[in-house]
Amino acid sequence: MSTLRTDEVPRSLAESYARSFGEEGRAGLPALVAEFLDGWELRRDGAVGAGEASLVVPVRRARGTRAVLKLQMPREETTAALLGLRTWNGEGIVRLLDHDPDSSTMLLEKLDASRTLSSIEDDDVAMGILAELQSRLVRVPAPPGLRGLGDVAAEMLAQVPQAVAALAGPADRRRLRAWASALAELVGEPGDRLLHWDLHYDNVLAARREPWLAIDPEPLAGDPGFDLWPALESRWDDVVLKHDALRVVRRRFDLLTETLGLDRARATGWTLGRLLQNSLWDIEDGATALTPPSVTIADALLDR
């Protein structure tokens with residue numbers, strides 16, 4: 001079947017489109033898929049997948065090669081993803097084959113969604129693969145038009161007093177202030193590399209062109225030290241917590257900073273800034289305590 005049935009669109013995604021574009025948006029997804037199948041000479045090649053904000057349709061191109069049609073709501077993040085993918089041009093990351101900037105629709109290289117880095121049992125091997133990919137991604141200067149880490153960090157620091165007041169425990173309040181102080185020391189030199197911003201084990205898939213490639217970037221211009229946290233928290237419950245958590249975090253951090261050629265003191269400061277960012281988001285959603293993984297990561301990097 002070449003078209004998309006309405007009942008193939010997950011309810012959560014349809015509701016997201018309805019919230020953004022009204023009932024016309026909910027009903028328009030099958031028509032939008034049909035438009036791109038026809039315009040890009042594609043035919044469906046398997047069951048659709050989806051998240052809350054995207055619909056993924058496996059397809060074959062006119063010459064029979066496999067690809068993925070990804071539909072997502074136009075927003076700042078998807079515009080940045082298009083810009084980042086065009087700039088990387090498949091170097092260490094899924095290749096962008098075609099795109100429609102108006103709708104943020106992408107045609108992407110087909111990867112093996114059933115095999116992520118989480119499938120590798122040896123954590124050192126998995127982290128080594130991720131680190132090598134990340135080192136390739138951050139070699140690329142950020143293109144004009146991306147949001148910069150300097151602006152992001154300044155906005156974060158402005159939110160700290162209110163966030164501190166929302167935390168229930170004095171130890172958490174001290175930690176948040178300390179993380180903000182570490183970030184404040186670095187904010188004047190935010191960096192200019194092209195960051196993935198969400199590179200963890202489940203955002204690295206097996207591929208044919210290369211053994212492993214990154215997916216789903218949320219590009220930002222900045223210092224690579226700000227980009228380490230997702231890797232540090234990968235497989236937290238079934239790897240980190242089953243061993244000496246502090247030791248695992250330190251080993252991962254050392255491997256990442258060595259492979260990327262980062263100054264560890266600066267990378268520590270930027271990682272604390274990333275923990276601050278995550279905590280600010282949590283507090284905005286009603287949290288009154290810092291998450292245990294954030295506290296453990298901070299303790300691992302500071303108490304050495």
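This report walks through a predicted model, taking its strands, a buried lysine, a turn serine, the nonpolar cores and the aromatic pairs in turn.

## Strands β4, β5 and β6

Let's start with β6, which has partners in both β4 and β5. β4 and β6 run antiparallel and are joined by four bridges. β5 also pairs with β6 in the antiparallel sense, again over four bridges. As for cover, β6 is mostly tucked away, with five of its five residues buried.

L107 is a handy landmark in β6. From β4, L69 stands opposite L107, and D98 has L107 as its bridge partner too. β5 and β6 make a hairpin with four residues between them.

## K70, a buried lysine

Next door to L69 in the numbering is K70, which sits in strand β4 (residues 66-72). Is K70 buried or exposed? K70 has 12% relative accessibility, and the cut-off for buried is under 20%, so K70 counts as buried.

What does the side chain of K70 make a polar contact with? The partner is the side chain of D216, at 2.8 Å. D216 also turns up in the wider contact list of K70, which leaves out residues up to four places away in sequence. That list has S54, L55 and V56 on it, plus S104, T105, M106 and L108.

## S104 in the turn

S104 is on the K70 list, and it lies in the loop between β5 (96-100) and β6 (105-109). In this hairpin turn, S104 has a positive phi of about 65 degrees. S104 counts as buried because its relative accessibility is 1%.

The side chains of S104 and T78 are joined by a polar contact of 3.2 Å. Setting aside residues up to four places away in sequence, S104 touches K70, Q72, M73, P74, R75, T78 and L82.

## Two nonpolar cores

Moving on to the nonpolar packing, the largest core has 79 residues. The residues with the most contacts inside this core are L130, L176, W179, L256, L276 and I297. Take L256 as an example: leaving out neighbours within four places in sequence, L256 is in contact with M127, L130, A131, Q134, L228, A231 and L232.

There's also a second, separate core, this one of 17 residues. Among its members are A14, L42, V57 and L71.

## Aromatic pairs

How many aromatic pairs does the structure hold? The structure has two. One is F36 with W40, a tilted pair at 4.8 Å centre to centre and 50 degrees between the planes. F36 is buried, with a relative accessible area of 6%. W40 has a relative accessible area of 19%, so W40 is buried as well, given that the cut-off is under 20%.

The other pair is F226 with W270, whose ring centres are 6.2 Å apart. Why is this pair edge-to-face? Because the planes of F226 and W270 are at 80 degrees, and over 60 counts as edge-to-face. The pair links distant parts of the chain, with F226 and W270 44 residues apart. F226 lies in the loop between β11 (220-222) and α6 (229-232), while W270 is in helix α9 (residues 264-284). F226 is buried at a relative accessible area of 0%, and W270 is buried at 0% too.

F226 has one more partner to look at. The charged end of R274 sits over the F226 ring, 5.3 Å from the ring centre.

Technical notes: Residues numbered from 1 in each chain as written. Predicted model: local features only at pLDDT ≥ 70, side-chain atom pairs only at ≥ 80, totals over all residues. Heavy atoms only, no water. Helix = DSSP H or I, 4+ residues; strand = E, 2+ residues; numbered from the N terminus. Buried < 20%, exposed > 50% of the residue type's maximum accessible area, 1.4 Å probe, protein only. Polar contact = N/O pair within 3.5 Å; in protein donor to acceptor, adjacent residues only side chain to side chain. Contact = heavy atoms within 4.5 Å. Core = buried A, V, L, I, M, F, W, Y, C linked by side-chain atoms within 4.5 Å. Phe/Tyr/Trp six-rings, centres within 6.5 Å; stacked < 30°, edge-to-face > 60°. Lys NZ or Arg CZ within 6 Å of the ring centre and 35° of its normal. Pairing = 2+ DSSP bridges.
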